Amino acid sequence: MSTRPPAGPLRSAVERRSATLLVVLSRQPRWLLPVASALLLAGVVFLPAPAAVPCLAILLAFIAWLTYLSWPVLDNRGRAIRLASLVLLLTLGVQSIG
């Protein structure tokens with residue numbers, strides 16, 4: 001695991017504002033996030049475009065947010081996996097909606 005570099009002002013602000021949401025999410029049942037993510041993904045794949053676009057936007061925003069928060073402590077492999085998951089989800093969403 002790599003050491004964390006000093007945080008800049010933007011990262012500090014995002015981390016500070018994210019702390020409360022992360023605490024709330026950590027107190028939820030362990031099954032809630034995977035089920036909610038699966039439902040959003042199913043919405044992207046099976047719903048018509050007007051309903052699928054918000055599902056895709058929410059799912060992409062959530063994964064991008066978690067990726068941003070975890071980026072400084074990830075090694076290159078972890079970063080590649082996070083980026084690949086974002087690209088794969090975006091590709092799947094565009095193909096399903098289009």
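On the surface of this predicted model, the residues W31, L32, V35 and L39 make a nonpolar patch of about 400 Å². One member of the patch, V35, has its place in helix α2, which covers residues 32-46. The relative accessibility of V35 is 37%, so this residue counts as partly exposed. The reasoning rests on two limits: a residue is called buried under 20% relative accessible area and exposed over 50%, and partly exposed in between.

The patch belongs to a protein whose overall architecture may now be considered. The protein contains four helices and zero strands. Read along the sequence, the pattern is therefore written α-α-α-α, each symbol standing for one helix. The C-alpha trace spans about 45 × 30 × 25 Å along its principal axes. Of the 98 residues in the protein, 19% are buried. The protein exposes about 6,900 Å², and carbon and sulfur atoms supply 72% of that area. Contacts give a further view of the fold: among those between residues at least 6 apart in sequence, 64% join residues at least 24 apart.

Helix α3 offers a closer view of individual residues. This helix covers residues 49-70, and T67 has its place in it. Is T67 buried or exposed? With a relative accessibility of 6%, T67 counts as buried, because this value lies under the limit of 20%. The side chain of T67 reaches the backbone oxygen of I63, at 2.8 Å. When residues up to four places away in sequence are not counted, T67 touches R82 and L86.

The aromatic residues of the model come next. How many aromatic pairs does a search of the whole structure find? The search finds one. This pair is formed by F62 and W65, with 5.9 Å from centre to centre and 45° between the planes, and it is tilted. The term "tilted" applies because planes under 30 degrees apart would count as stacked and those over 60 as edge-to-face. F62 and W65 are three residues apart in helix α3, so about one helical turn separates them.

The two partners also fall into separate accessibility classes. F62 has a relative accessible area of 22% and is therefore partly exposed. W65 has a relative accessible area of 17% and is therefore buried. The limit of 20% explains why the two residues receive these labels.

Notes
Residues numbered from 1 in each chain as written. Predicted model: local features only at pLDDT ≥ 70, side-chain atom pairs only at ≥ 80, totals over all residues. Heavy atoms only, no water. Patch = residues over 30% accessible without salt bridge, like charges linked within 9 Å, V, L, I, M, F, W, Y side chains within 5 Å. Areas by Shrake-Rupley, 256 points an atom, 1.4 Å probe, with all protein chains shown as cover. Salt bridge = Lys/Arg side-chain N within 4 Å of Asp/Glu carboxyl O. Helix = DSSP H or I, 4+ residues; strand = E, 2+ residues; numbered from the N terminus. Buried < 20%, exposed > 50% of the residue type's maximum accessible area, 1.4 Å probe, protein only. Contact = heavy atoms within 4.5 Å. Polar contact = N/O pair within 3.5 Å; in protein donor to acceptor, adjacent residues only side chain to side chain. Phe/Tyr/Trp six-rings, centres within 6.5 Å; stacked < 30°, edge-to-face > 60°.
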